[in-house]
Amino acid sequence: MPKKNHSPTGWDAVADWYHGWVGEHGSDHHRKLAIPAILDLLQLKPGEKLLDIGCGSGVLSTYVQQYQADYIGVDVSQRLIAIARKQHQGQFIVADARRLKSHSSIEPAAYDACAFLLSIQDMNPLADVIHNATYALRPGGRVALLMTHPCFRIPRLSGWGYDEGRKLQFRRVDRYLTPQCVPMKSYGRKQSGNTISFHRPLSEYVTALSEAGLVIDALREITTYKQDNDKARRLADQEIPLFLGLGARKLGS
Ligand SMILES: C[S@@+](CC[C@H](N)C(=O)[O-])C[C@H]1O[C@@H](n2cnc3c(N)ncnc32)[C@H](O)[C@@H]1O
C-alpha cells in the first residue's frame, strides 16, 4: 500500500445504500456492539465537545445526547453529511479527516474527545488522520477508535474454516503484517460504486497514536452478539473477536 495515498475515500457513491443499511438508529452491529463500546471508551461528561470523525449519516449523534455533550460530526462525503443534517440534531461539517488543520471550522485544541466509529479503516494515510485528530484535541483530551479487529478480520484475507477431526471451527488468517488497500464490493442494484478499506497490522495503530503524542489507555476486544445454534460456531464466536476498540489520551492536562 502506498504510504501517501490521498485519493478520495469518501462514501458519496454508496451514500443511499449505506443510509438504508444503518437507518436512523444504527445497524444491529452498531446498536448492540459498536456504539456501546465507543461510548464506554469515550466516557463523555456533560458539556464536553465531541468530534465524530467519519461520522457518515451521523448515527452516533443521537446516542451522545444522553451525556449532554456537544456533538460535531465531520465526513468527507457531502451526500452522507446532507443525510445526517436531515435526520439528526447536531452540527455536521463536510471535511477531510486528513486535512482538518486547514478547515476554518475546526479549531485547534478545542475538543475534549474524538471518535472514529467504524471509520478509521476507511481512511488513509493513518498517520495524517491521527495527527489531525490530535490537533483538534485539547491537552488531556481522548480519542476512541472502534474498528473491525485487524488481527482476525482482514477483508478477503481471513475467513472461517472447520476442522473435521477436532470438530472445531477455526479462524484462518492468510496475511496479516503487510498493509493492504482493499476495494470492497459494489453495493446494491441501484447504487453502483466501491469503497476502499485499509488493512493494517495492530502495530501500525499503536505507532501512529504514540507518534502523534497520544498514550493508549484502553483496549477492548469485542465478540459478536450472535448466538449460533451450532456449538462449534458458537464457541468460535465467543473466542475470536469481531471488533477492536482503542482508547488514547493526549499528553498534558
Ligand atoms: C463505514 S462508514 C462509517 C460511518 C459512521 N461512523 C457509522 O458508523 O455509520 C466510513 C465513513 O468514513 C468516511 N471517510 C472515509 N475517508 C474519509 C476522510 N478522509 N475524511 C472524512 N471521512 C472519511 C466515509 O465517507 C464514511 O462515511
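Angles between axes that are under 35 degrees count as roughly parallel, those over 145 as roughly antiparallel, those from 65 to 115 as roughly perpendicular, and the rest as oblique. Helix H1 (residues 15–22) and helix H4 (residues 78–87) have axes that come within 9 Å and cross at roughly 40 degrees, and H1 and H4 are therefore oblique to each other. The model discussed here is a predicted one, in which local features need pLDDT of at least 70 and side-chain atom pairs count only at pLDDT 80 or more, while totals for chains, interfaces and linings use all residues. Residues are numbered from 1 along each chain as its sequence is written, and side-chain values use heavy atoms, with hydrogens and water left out.

## The H1–H4 pair

Axes are lines fitted to C-alpha atoms, for helices over the stretch in contact, and angles run from 0 to 180 degrees between N-to-C directions. Helices (H or I, at least four residues) and strands (E, at least two) are DSSP runs, numbered from the N terminus. H1 passes H4 in a right-handed crossing, a crossing being right-handed if the near helix is turned clockwise from the far one by less than a right angle, and left-handed if anticlockwise. With contact meaning heavy atoms within 4.5 Å, Ala15, Asp16, Tyr18 and His19 of H1 meet Arg79, Leu80, Ile83 and Gln87 of H4.

## The sheet

Seven strands form an open sheet with mixed pairing, in the order S3-S2-S1-S4-S5-S11-S10, where two strands pair if DSSP finds at least two bridges between them. Its edge strands, each pairing on one side only, are strand S3 (91–94) and S10. Neighbouring strands of this sheet are turned against each other by 20 degrees on average, with direction ignored.

Three of the pairings in this sheet are set out below.

| Strands | Sense | Bridges | A bridge pair |
|---|---|---|---|
| S1 (residues 49–53) and S2 (residues 70–75) | parallel | five | Lys49 and Asp70 |
| S1 and S4 | parallel | three | Leu50 and Ala113 |
| S4 and S5 (residues 137–148) | parallel | six | Ala113 and Arg142 |

Ala113 of S4 is thus the bridge partner of Leu50, and Ala113 has Arg142 as its own bridge partner in S5. From S4 the chain crosses through helix H5 (residues 126–136) to S5, and this β-α-β crossover is right-handed, in the sense that, with the strands pointing away from the viewer, the path from the first strand over the helix to the second runs clockwise.

## Enclosure of S4 and H5

Buried means under 20% relative accessible area, exposed means over 50%, and partly exposed lies in between, with a 1.4 Å probe and protein chains only. Seven of the seven residues of strand S4 (residues 111–117) are buried, so S4 is largely enclosed by the rest of the structure. H5 is also largely enclosed by the rest of the structure, because eight of its eleven residues are buried; these are Leu126, Asp128, Val129, Ile130, Asn132, Ala133, Thr134 and Ala136. The cover over the buried residues of H5 includes S1, S4, S5, helix H6 (202–211), strand S10 (214–222) and strand S11 (243–250). H5 lies across S1, S4, S5, S10 and S11, and runs at about 140 degrees to S5.

## Individual residues

Pro125 is placed in the loop between S4 and H5 and is buried, with a relative accessible area of 5%. Most residues other than glycine have a negative phi, and most peptide bonds are trans. A cis peptide bond, with omega of about 0 degrees, joins Asn124 and Pro125. Pro125 and Phe198 are 73 residues apart in sequence, and their C-alpha atoms are 9.1 Å apart in space.

Two residues have positive phi values without being glycine: Gln43, with phi near 50 degrees, and Arg156, with phi near 70 degrees. Gln43, in the loop between helix H2 (28–42) and S1, counts as partly exposed at 47% relative accessibility, whereas Arg156, in the loop between S5 and S6, counts as exposed at 60%.

His149 also lies in the loop between S5 and strand S6 (158–163), but is buried, with a relative accessible area of 1%. Not counting residues up to four places away in sequence, His149 touches Glu221, Pro241, Leu242, Phe243 and Leu244. Leu219, in strand S10, touches Leu244, Gly245 and Leu246 under the exclusion of residues up to four places away in sequence, and counts as partly exposed at 44% relative accessibility.
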